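Biologist: Please give me a close look at a single part of this model. Start with one pair of facing residues, then build outwards.

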Amino acid sequence: IRTQTRGADITALALFQGRVVSGHADGRLRVWSADTLQAERDIALDGRVVALSAHGNRLAVGLDHAVLLLDTDFRTRRTFPATRIPHDLQFSPDGRTLAAGNWFRLSVWDVASGAERAFPTEHNGLLASVAFSPDGRYLATLGRHTDSAIRLLDTTDFRVVRRYQAHELCGAIIRFSPDGRTLASGSDDESVRLYRLDRPPYL
């Protein structure tokens, strides 16, 4: 086990091109060796880093006011305006779409054009975490604060196709298993729940 304690609070992490990238509250990206955790680069950005997502040779960086697309040299290639803070920014499996949670809404960007769409949701608060299924067919969303609900959306039109039992307290993170058959969610109530997509959900 290796640790690094230097620097401002970490707000996001990603594994990108064999290196660990950390986003920080001081508006910086820091690049570390995945083997030794030795610092390799320190990159200043224009705003607090709130989310990171990697896909192939692209790294998406969510700031309070924008989403940046960086290349393997950590140069900004595209900038997408963000009308809301992009919580838990995630690439779709094919890399064509970015999704993030907001208060009451889901934000979705088309990577080719940079166009952003916002979809109303059934959540009664912040969408703390989002996750695409490995086949890209579904997007799972998890609420926080007054809403710890879990919803499964069809990515063709982002309508709700399944509803799962909420956690006792605020939702924290949601992810699919690699085979796409199981959905896992974690919460501030210190529980982890597993949901089998091939079985009937709670109403």
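Modeller: Start at Gly101, which stands opposite Leu106 in strand 11. Here a strand is a DSSP run of E with at least two residues, numbered from the N terminus; helices are runs of H or I with at least four. Gly101 belongs to strand 10 (residues 97–101), and strand 11 covers residues 105–110. These two strands run antiparallel, joined by 5 bridges. Two strands count as paired if DSSP finds at least two bridges between them.

The model is predicted: local features need pLDDT of at least 70, side-chain atom pairs count only at pLDDT 80 or more, and totals for chains, interfaces and linings use all residues. Residues are numbered from 1 along each chain as its sequence is written, and side-chain values use heavy atoms, without hydrogens or water.

Now widen the view. Strands 10 and 11 sit in an open sheet of 4 strands, in the order 9-10-11-12, with antiparallel pairing. Strand 9 (87–91) and strand 12 (116–120) stand at the edges. Each has a single partner strand, so one side of each has no neighbour in the sheet. On average, neighbouring strands of this sheet are turned by 20° against each other, direction ignored. The axes are lines fitted to C-alpha atoms (for helices, over the stretch in contact), and angles run from 0 to 180 degrees between N-to-C directions.

Strands of a sheet pair through backbone hydrogen bonds, parallel or antiparallel. Antiparallel pairing also joins strand 2 (residues 19–24) to strand 3, over 5 bridges. There, Val20 stands opposite Trp32 in strand 3.
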